[in-house]
Amino acid sequence: MKHIPFSPPDITEEEIAAVADALRSGWITTGPRTAAFEREIAAYCGADRAVCLNSATAALELALRALGIGPGDEVITSAYTYTASASVICHVGATPVLVDVPSGSFHLSAQDIAAAVTSRTKAVIPVDIAGVMCDYAAIKDALEQEKHRFQPKNPLAEQIGRAAVIADCAHSFGAQRDGKRAGAYADFSCFSFHAVKNLTTAEGGAVVFSNTDGKDSDELYKWFRTYSLHGQTKDARAKLEPGAWEYDILQPAYKCNMTDLSAAMGLVQLSRYPALLARRREIIAMYDRAFADTGILPLAHAGEHFLSSGHLYLTRIAGADAQQRNRAIRLLAERGIAANVHYKPLPMLSAYRDMGFSIADFPHAYRQYENELTLPLHTRLTDEDVLYIIDTYKQIVSFLFQ
């Protein structure tokens, strides 16, 4: 029997050699490789600046803190997401405002976001699910219409002039919408390079931004670098200059920088990324052809205005409930195929129930969840693997509903 893991990293000898070179260089924390990776990420996304950090979660939280968001403020995000999109709101002491997705969709709509805006709303965190980007132009337009309610907390927020758009792009590095890549639309775009992501640095992330809406990207870059390194005015490299040991602490801040070991891996991954994306899209095309005109309903990864990064292959089983979906996952596992669910809506989780959220208030999110099943989609799959997954999944769905 085959054994097909859900999402293993695609690491070659080239990445291993690059990490070994970094180790031999004697510079293994944040240094020249991290700086090079930041420049290449910004150029790839079509943005002015990127700051590499230890996770997308850190990127999201620092973006909130850069805007001065804290207690008494509200931040809107989706009920249909992983906890990181909302937990960072709690980290800064603000109140998460969860919004239901539209019927049949995994993504927030601009209209539903606008309807949730109040005078306390300081930011919105839309979520790119499975590598498919949200409609950021529509979201920005909707927030512009509500800017008369906006009360900024600091000069940066005042320059933007409306609730900020902080994109949770954990899934969408390399995705496109209307000819632009993820990272080129939102006020801040936050990427993940975790081990299961398309491009991995083992652990890692980045926040990307440009000189738009009054932002000074050079000053913001300095702010993010400082506040990701304890609020210290000099990083380790600067302190190595002869006699340059002295520094200041501007605020008791955070420690969430990326290391050069991670960046060394990321630089190689980025050089391989066009081929990695192409392979993901080949697999998606195989799945899509096989599941056409069946009870297996995939999320669309391409359309007239968008092309996803192909991060996850989400399907819904027509007519299934959560119990039947779970049985399908168990049957796939018995045949050596690891499957998953993306996502269990936040109001179903203890932490968010304890905040007073109820899944009864998010019926569309629940309906998306109850029959959702995610198949393996990664670049270590062979065509033979993909065909085995297709045949097995179709047989299981037919068995469950015969």
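1. Start with Trp223, which sits in helix 8 (residues 217-227). Bear in mind that this is a predicted model. Trp223 is partly exposed, because its relative accessible area is 23% and the partly exposed class runs between 20% and 50%.

2. What does Trp223 touch, once its neighbours within four places in sequence are set aside? The contacts are Leu62, Arg65 and Ala66. Arg65 turns up again below, since it also belongs to the helix 3 side of a helix pair. For a sense of span, take Trp223 and Arg289. They are 66 residues apart along the chain, and their C-alpha atoms are separated by 48 Å.

3. Next, helix 3 (residues 56-66) and helix 4 (residues 84-91). Their axes come within 9 Å and cross at roughly 40°. The two helices are therefore oblique to each other. Helix 3 passes helix 4 in a right-handed crossing.

4. Who makes that contact? Helix 3 supplies Thr57, Leu60, Glu61, Leu64 and Arg65. Helix 4 supplies Ala84, Ser85, Val88, Ile89 and His91. By class, the contact of helix 3 with helix 4 has five nonpolar, three polar and two charged residues.

5. Now the second pair: helix 10 (residues 260-291) and helix 14 (residues 383-400). The axes come within 10 Å and cross at roughly 30°. Angles under 35 degrees count as roughly parallel, so helix 10 and helix 14 are roughly parallel to each other. The crossing of helix 10 past helix 14 is right-handed.

6. Which residues of helix 10 and helix 14 make the contact? From helix 10 come Arg279, Ile283, Met286, Tyr287, Ala290 and Phe291. From helix 14 come Asp383, Val386, Leu387, Ile389, Ile390, Tyr393 and Lys394. By class, there are 10 nonpolar and three charged residues, and no polar ones.

7. Finally, a loop residue. Thr200 lies between strand 8 (188-192) and strand 9 (205-209). Is Thr200 buried or exposed? Its relative accessibility is 2%, so Thr200 counts as buried.

8. The Thr200 side chain reaches two backbone atoms. One is the oxygen of Phe193, at 3.2 Å. Another is the nitrogen of Ala202, at 2.9 Å. Leaving aside neighbours within four places in sequence, Thr200 is in contact with Pro9, Ile11, Phe193, His194, Ala195, Met265, Gly266 and Gln269. Phe193 thus appears both as a backbone partner and in this contact list.

Notes:
Residues numbered from 1 in each chain as written. Predicted model: local features only at pLDDT ≥ 70, side-chain atom pairs only at ≥ 80, totals over all residues. Heavy atoms only, no water. Axes fitted to C-alpha atoms, helices over the stretch in contact; angles between N-to-C directions. Helix = DSSP H or I, 4+ residues; strand = E, 2+ residues; numbered from the N terminus. Parallel < 35°, antiparallel > 145°, perpendicular 65-115°, else oblique. Left-handed = near helix turned anticlockwise from the far one by under 90°. Contact = heavy atoms within 4.5 Å. Nonpolar A, V, L, I, M, F, W, Y, C, P; charged D, E, K, R; others polar. Buried < 20%, exposed > 50% of the residue type's maximum accessible area, 1.4 Å probe, protein only. Polar contact = N/O pair within 3.5 Å; in protein donor to acceptor, adjacent residues only side chain to side chain.
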